[in-house]
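Me: I've got a new model to look over before lunch. Can you walk me through it?

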Amino acid sequence: MTEAAIRNKPGMASVKDMPLLQDGPPPGGFAPVRYARRIPSKGPSAVAIFLAAFGAFSWGMYQVGKGNKIRRAIKEEKYAARRAILPMLQAEEDERFVKEWRKYLEEEARIMKDVPGWKVGESVYHSGRWMPPATGEMRPDVW
């Protein structure tokens, strides 16, 4: 069935019966077609981005340098304080060493009293020079 019969409207018997009507351009013609790639410039330019990054880097390095100066000053102050109290600390350590050395010699004399020819406090290495012990412990409890 044809569309004309379905809608109860008079139709055409042939395409040839159609009126001749051709579409054309509007009066004055169509607007020109843009075919060139013109991307709009959005955001900052490359130079602005570079300058901003360089500025941020420079400011950060300035802050690092400032922090290094402060850290160096604090470290120097700490070393100066240590140098100032070193004689007192050394005197306390020497006093502790002498007390422990006396205890060590008394213990050695008590243990070696039955050994003939043993001299208390004499070095067994015979190097000719006195060296303080490598550790702070004079008499280790467990070997």
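Reply: Sure, we can start with the overall picture and then go residue by residue. Keep in mind that this is a predicted model.

Me: OK, what does the secondary structure come to?

Reply: Two helices and zero strands. The second helix, α2, covers residues 46-111.

Me: And how much of the protein is buried?

Reply: Buried residues make up 3% of the 143 residues. The accessible surface is about 14,200 Å², and carbon and sulfur atoms account for 62% of that area.

Me: Which residues of α2 are buried?

Reply: Phe97, Glu100 and Glu108.

Me: Glu108 catches my eye. What is its relative accessible area?

Reply: Glu108 comes out at 11%. It counts as buried because the cut-off for that is under 20%.

Me: What lies by the side chain of Glu108?

Reply: The backbone nitrogen of Gly121 is 3.4 Å from a polar atom of that side chain. Glu108 itself lies in helix α2.

Me: Switching topic. Where does UniProt place the transmembrane region?

Reply: The UniProt record, an unreviewed entry, puts a "transmembrane region" at residues 43-62.

Me: What does the chain look like over residues 43-62, helix or strand?

Reply: That stretch is 85% helix and 0% strand. From one end to the other, the C-alpha atoms are 28 Å apart.

Me: Ser58 has a number in that range. Where is the place of Ser58, and is the residue buried or exposed?

Reply: Ser58 is in helix α2. With a relative accessible area of 32%, Ser58 is partly exposed.

Me: Which backbone oxygen lies 2.8 Å from the side chain of Ser58?

Reply: That would be the backbone oxygen of Phe54, at 2.8 Å from a polar atom of the Ser58 side chain.

Me: Now the charged stuff. How many salt bridges are in the whole structure?

Reply: A search of the whole structure turns up five. We can go through some of them.

Me: Let's take Arg83. What does its side chain meet?

Reply: Arg83 pairs with Glu76 in a salt bridge, with N to O at 3.1 Å. The place of Arg83 is in helix α2.

Me: Are Arg83 and Glu76 buried or exposed?

Reply: Arg83 is exposed, with 52% relative accessibility. Glu76 is partly exposed at 43%.

Me: What about Glu93, what does it form a salt bridge with?

Reply: Glu93 bridges to Arg96, and their closest N and O atoms are 2.7 Å apart. The two residues are three apart in helix α2, so about one helical turn separates them.

Me: How accessible are Glu93 and Arg96?

Reply: Glu93 is partly exposed, at 36% relative accessibility. Arg96 is partly exposed too, with 30%.

Me: And Arg110, which residue does it form a salt bridge with?

Reply: Its partner is Glu107, and the closest N and O atoms of the pair are 2.7 Å apart. Arg110 and Glu107 are three residues apart in helix α2, so they too are separated by about one helical turn. Glu107 has a relative accessible area of 27%, making it partly exposed.

Me: Back to the helix itself. Where does α2 bend?

Reply: At Ile85, by about 45°. A proline, Pro87, follows within four residues of that spot.

Me: Last topic, the surface. Which residues form a nonpolar patch?

Reply: Val115, Trp118, Val120, Val124 and Tyr125 do. Together they have about 510 Å² of accessible area.

Me: Where is Val120, and what's its relative accessible area?

Reply: Val120 is in the segment after α2. Its relative accessible area is 43%, which makes Val120 partly exposed.

Me: Can you give me a quick recap for my notebook?

Reply: Here goes. The predicted model has two helices and zero strands, and α2 bends by about 45° at Ile85. Five salt bridges turn up in the whole structure, including Glu93 with Arg96 and Arg110 with Glu107. The buried residues of α2 are Phe97, Glu100 and Glu108, while Val120 in the nonpolar surface patch is partly exposed.

Methods
Residues are numbered from 1 along each chain as its sequence is written. This is a predicted model: local features need pLDDT of at least 70, side-chain atom pairs count only at pLDDT 80 or more; totals for chains, interfaces and linings use all residues. Side-chain values use heavy atoms; hydrogens and water are left out. UniProt positions are given in the numbering used here, feature names are shortened, and annotations may be inferred rather than shown by experiment. Patches are made of residues with over 30% relative accessible area and no salt bridge: like charges are joined within 9 Å, nonpolar side chains (Val, Leu, Ile, Met, Phe, Trp, Tyr) within 5 Å. Accessible areas come from the Shrake-Rupley method with a 1.4 Å probe; for residues, only the protein chains shown count as cover. A salt bridge is a side-chain nitrogen of Lys or Arg within 4 Å of a carboxyl oxygen of Asp or Glu. Buried means under 20% relative accessible area, exposed over 50%, partly exposed in between (1.4 Å probe, protein chains only). The bend at a residue is the angle between axes fitted to the seven residues ending there and the seven starting there. A polar contact is a pair of N or O atoms within 3.5 Å; within protein, one must be able to donate a hydrogen and the other to accept it, and residues adjacent in sequence count only if both atoms are side-chain atoms.
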